[in-house]
Amino acid sequence: MKKILLSMLAIAASVSLFAEEPNAEPSPWTMAGSAGITGSQMTLTNWAAGGDPSVAADFQFNYSVDYKKGSSLWQNRLELAYGLNRTESNGMRKTNDKIYLSSSYGQKVYESLYISALLKFNTQFANGYDYAVSLPEGGYKQTSGFMAPAYFSGGLGVEWNPKAWLSVNASPATWKATVVTEEALQPIYGLDGTSTRHEFGGNVKIEAKGTIWGDLSGYTRLNLFSNFLNEPQNVDVDWTIRFDLKINKWLSANANFHMIYDDDINIPQPDGSAYPCLQIQEVAGIGLLVKF
């Protein structure tokens, strides 16, 4: 992973150097990215109030590549995230984990309206566990892993791109595949006896990004999917929100929110039951941020 990220940074730097050639025509390519790491550490010695010494780190990498020329519009986005927290009593545990890649291509039909094709993929790097459920042989119940689950989708529709900071993609013909390569995890994601579920329906993706005020910037992406072939009224929701506040040249404060609702995902409950629930993740911190 380290080699991949270093390669990405080198490519981004090379592209920036070429883009700065004097008297060159404006490039149809727009590239932007950021890489950051936030951390925290706490040590306690003879601390009467109690507590648990800990150390935590969270890494995030975001990169977008857009092409806009004539009647063509091509937009690509990569998001990587991984976080760990280690406490004296619980040891090392994963706190954040994401691989997300999307690509859409459109041909203009009227002003800011494009006929488009959209592809998306997302999964995670490493295993995740339900730490409330201990196994008799030791360890905890696994709930996820690389490609378990993984989501693939592709759709045809229209894209509305009225401003540089806003895009709306509506794909009334969308294929979605849920892949769980580990058999033991398949029931959690509504798969019994098979590693893949195919769905056909409609998808709406809304993205907005830009400066909110001063040194505060934001990004949000909302995905809505309805399976036309099975309970179309149960809409899957995947909503990401990120805020970045620049403190100085190198330091930045950030907050990330991720909300998911999918009625095919059964969330284990303390009483042993499992059913769909709203999933919410929040990650915030202050650390090193490099934009390129």
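Strands are DSSP runs (E, at least two residues), numbered from the N terminus. The structure is a predicted model, in which local features need pLDDT of at least 70 and side-chain atom pairs count only at pLDDT 80 or more, while totals for chains, interfaces and linings use all residues. Residues are numbered from 1 along each chain as its sequence is written, and side-chain values use heavy atoms, without hydrogens and water.

**Exercise 1.** Determine which strand gives the most to the nonpolar patch.

*Solution.* Begin with the members: Ile37, Ile247, Trp250, Leu251, Ile286, Leu288 and Val290 form this surface patch, together exposing about 620 Å² of accessible area (Shrake-Rupley method, 1.4 Å probe, only the protein chains shown counting as cover). Patch residues have over 30% relative accessible area and no salt bridge (a side-chain nitrogen of Lys or Arg within 4 Å of a carboxyl oxygen of Asp or Glu); nonpolar side chains (Val, Leu, Ile, Met, Phe, Trp, Tyr) are joined within 5 Å, and like charges within 9 Å. Strand S16 (residues 279-291) gives the most, with 3 residues.

**Exercise 2.** Establish whether serine 104 is buried or exposed, and identify its contacts.

*Solution.* First, locate serine 104 in strand S4 (residues 91-110). Next, apply the cut-offs: buried is under 20% relative accessible area, exposed over 50%, and partly exposed in between (1.4 Å probe, protein chains only). Serine 104 has a relative accessible area of 5%, and is therefore buried. Finally, with neighbours within four places in sequence left aside, serine 104 is in contact (heavy atoms within 4.5 Å) with Leu73, Trp74, Gln75, Ala117, Leu118 and Glu159.

**Exercise 3.** Classify tryptophan 250 by its accessibility.

*Solution.* Tryptophan 250 lies in the loop between strand S12 (236-246) and strand S13 (251-261). Its relative accessibility is 46%, so tryptophan 250 counts as partly exposed.

Key
Helix = DSSP H or I, 4+ residues; strand = E, 2+ residues; numbered from the N terminus.
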